[in-house]
Amino acid sequence: MFDLQPAKINTAGAYVCIDGLYLFVIGNKLHNGHIPVVRIGGHREKNETGWQCAIREVFEETNVQLKPHFQPSTYLFDWDHLETDPTSVQWQPESHQEPAPFLVVTYHREEQTTLSLMYFGTAEGIPVPSSEVKGLLLLSEPEIHRLCRESMTLREYLDDGGRAILKEEFDTSRVLEPFAQLRLLSRILKSQPEQDAA
């Protein structure tokens with residue numbers, strides 16, 4: 001059983017599947033000249049559990065209701081050693097009604113360990129980017145792997161049939177840059193061929 005003490009949950013988010021597609025945010029602020037592809041999620045507020053934080057963040061950013069999809073494994077990564085293989089851990093949820101996180105990333109700073117949690121869930125309907133979110137991508141599993149292994153511009157992604165919901169104009173000649181939670185999802189999915197989107 002993975003012991004939370006003295007670790008503190010700092011952020012939480014979710015891999016959201018809608019009709020077999022994974023929902024990710026694309027940032028309107030460039031990162032090294034590229035368009036970042038980031039997870040849905042954010043900082044935990046007050047006494048929220050990780051799952052409560054994920055539900056709130058998903059609704060605030062995409063206007064869909066997150067439903068749990070219980071996964072058999074929780075994968076643990078150390079932020080300072082993301083290149084290493086994940087450790088599979090048993091996680092004790094804070095209540096029986098809540099799922100265990102699918103992914104836990106630990107950060108060790110100044111004798112304090114903080115956690116970033118990613119849950120696995122489903123949603124129905126058409127997501128709507130919030131005022132803070134300028135665009136969403138709906139990625140198939142092959143598209144996730146392709147984004148993580150080769151350079152692709154937003155225009156190339158769209159021209160190849162990629163699905164996006166864009167509230168603002170993006171420079172489609174810019175390369176899409178997968179951030180850590182997307183790269184880790186690709187690695188986990190490759191290591192679990194029986195895993196399928198809910």
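Reader: Which residues of α1 are buried?

Author: Happy to start there, with a note that this is a predicted model, where local features need pLDDT of at least 70, side-chain atom pairs count only at pLDDT 80 or more, and totals for chains, interfaces and linings use all residues. Residues are numbered from 1 along each chain as its sequence is written, and side-chain values use heavy atoms, leaving out hydrogens and water. Buried means under 20% relative accessible area, exposed over 50% and partly exposed in between, with a 1.4 Å probe and protein chains only. In α1, a helix (a DSSP run of H or I, at least four residues, numbered from the N terminus), the buried residues are G50, W51, C53, A54, R56, E57, V58, E61 and T62.

Reader: How far apart are the end C-alpha atoms of helix α1?

Author: The expected span is 1.5 Å times one less than the number of residues. For the 13 residues of α1 (residues 50-62) that gives 18 Å, and the distance between the end C-alpha atoms agrees: 18 Å.

Reader: Which residue forms an aromatic pair with W51?

Author: Rings of Phe, Tyr and Trp (its six-membered ring) pair if their centres lie within 6.5 Å; planes under 30 degrees apart count as stacked, over 60 as edge-to-face and the rest as tilted. By this rule there are seven aromatic pairs. One of them ties together Y22 in β2 and F120 in β9 (strands are DSSP runs of E, at least two residues), parts 98 residues apart in sequence. For W51, the pair is edge-to-face, at 5.3 Å centre to centre and 65° between the planes, and the partner is Y119.
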